[in-house]
Amino acid sequence: MPIATEERNLNATAQLAAAVVPAAGRGERLGPGAPKALRELGGVPLLVHAVRALARSRAVGLVVVAAPPQGVAEVAALLDSHGLDGKDVTVVAGGATRQESVRLGLAAIPAETEVVLVHDAARPLVPVEVVDAVAAAVRAGAEAVVPAVPLADTVKRVEPQPAGAPEPVLETPDRSTLRAVQTPQGFRRAALAEAHEKALDGEAQVTDDAGLIEHFGGRVVVVPGHEEAFKVTRPLDLVLAEAVLARRRATDGY
């Protein structure tokens, strides 16, 4: 018996990932001024670059941006002015924390969507192949997936001391077993939603969504990340990002 048009559309939607971009924070480490997500890179806000990076992936059918609660209209207008308006990009009010913003973004995703990505607005230059690889790994059966790169530097675990004081070294971990984690991180939608629901009691103190999955006993796997998916956190990162963007524009017509 032929599948009804509505059913085919639901199946197609379920196969595509939705992405949440928490962008309600201020990012003070970049200095005073506009929120970090609205700082410009090559004349275009970081947030616009990040949303474009996700939208370029054929694996992604919807991008939900969690904006500052008082700035939803402003962010929607900004995305509109850069050609990112329409049904594939939605702006919602974010929360006081990154975790709350992701939870609110999840609530805006259609119930039939099975794969969800969470991406930092401060990683504007993530290559599309990383987005594709993360989504593919979740579709292949992984509960949670993070892109990551090997560490270039030796790492020391120390005993924290007051600012400026020498910190005793406790351990030098084997660098070959360590990875620097990036985004987008990918999840089975049900697993991520359940983890956020459990975290409402405030007990889980984690820095990313994969950490929430781990905290509640889930399994996270790693796929290769990319050196250009670095996070723009400090002024020097912005200088590096400008150089990468200039090279892309000169060689790829980016």
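Helices (H or I, at least four residues) and strands (E, at least two) are DSSP runs, numbered from the N terminus. The model is predicted, so to speak of local features we need pLDDT of at least 70, and side-chain atom pairs count only at pLDDT 80 or more, while totals for chains, interfaces and linings use all residues. Residues are numbered from 1 along each chain as its sequence is written, and side-chain values use heavy atoms, with hydrogens and water left out.

**Exercise 1. Take stock of the whole protein.**

Task: State how many helices and strands the protein has, and what percentage of its residues count as buried.

Solution:
- Step one: the secondary structure comprises eight helices and twelve strands.
- Step two: buried means under 20% relative accessible area, exposed over 50%, and partly exposed in between (1.4 Å probe, protein chains only). By that rule, 42% of the 254 residues are buried.
- Step three: look at helix α2 (residues 46-55), where eight of ten residues are buried. Among them are L46, H49 and L54.

**Exercise 2. Place strand β4 among its neighbours.**

Task: Find which strands pair with β4, and in what sense they run.

Solution:
- Step one: two strands pair if DSSP finds at least two bridges between them.
- Step two: strand β1 (residues 17-22) runs parallel to β4, with six bridges joining them. Here V21 has V65 as its bridge partner.
- Step three: strand β5 (residues 89-93) is also parallel to β4, through five bridges. V63 is partnered by V89 in β5.
- Step four: check the cover. In β4 (residues 60-67), seven of the eight residues are buried.

**Exercise 3. Follow I109.**

Task: Decide whether I109 is buried or exposed, and list its contacts beyond its neighbours within four places in sequence.

Solution:
- Step one: find I109 in the loop between α4 and β6 (115-118).
- Step two: I109 counts as buried because its relative accessibility is 4%.
- Step three: contact means heavy atoms within 4.5 Å. Leaving aside neighbours within four places in sequence, I109 touches A18, V20, L62, V64, V116 and R189.
- Step four: compare chain and space. I109 and V63 are 46 residues apart along the chain, and their C-alpha atoms are separated by 8.9 Å.

**Exercise 4. Work outwards from strand β7.**

Task: Name the strands that pair with β7 and the sense of each pairing.

Solution:
- Step one: β7 (residues 144-150) is largely enclosed by the rest of the structure, because six of its seven residues are buried.
- Step two: strand β12 (residues 220-224) is parallel to β7, with five bridges. A144 stands opposite V220.
- Step three: β10 pairs with β7 in the antiparallel sense over three bridges, and A148 has V181 as its partner.
- Step four: β11 is antiparallel to β7 too, joined by two bridges. The partner of V145 is G186.
- Step five: in the loop between β10 and β11 (185-188) you will find P184. The peptide bond from T183 to P184 is cis, with omega near 10°.
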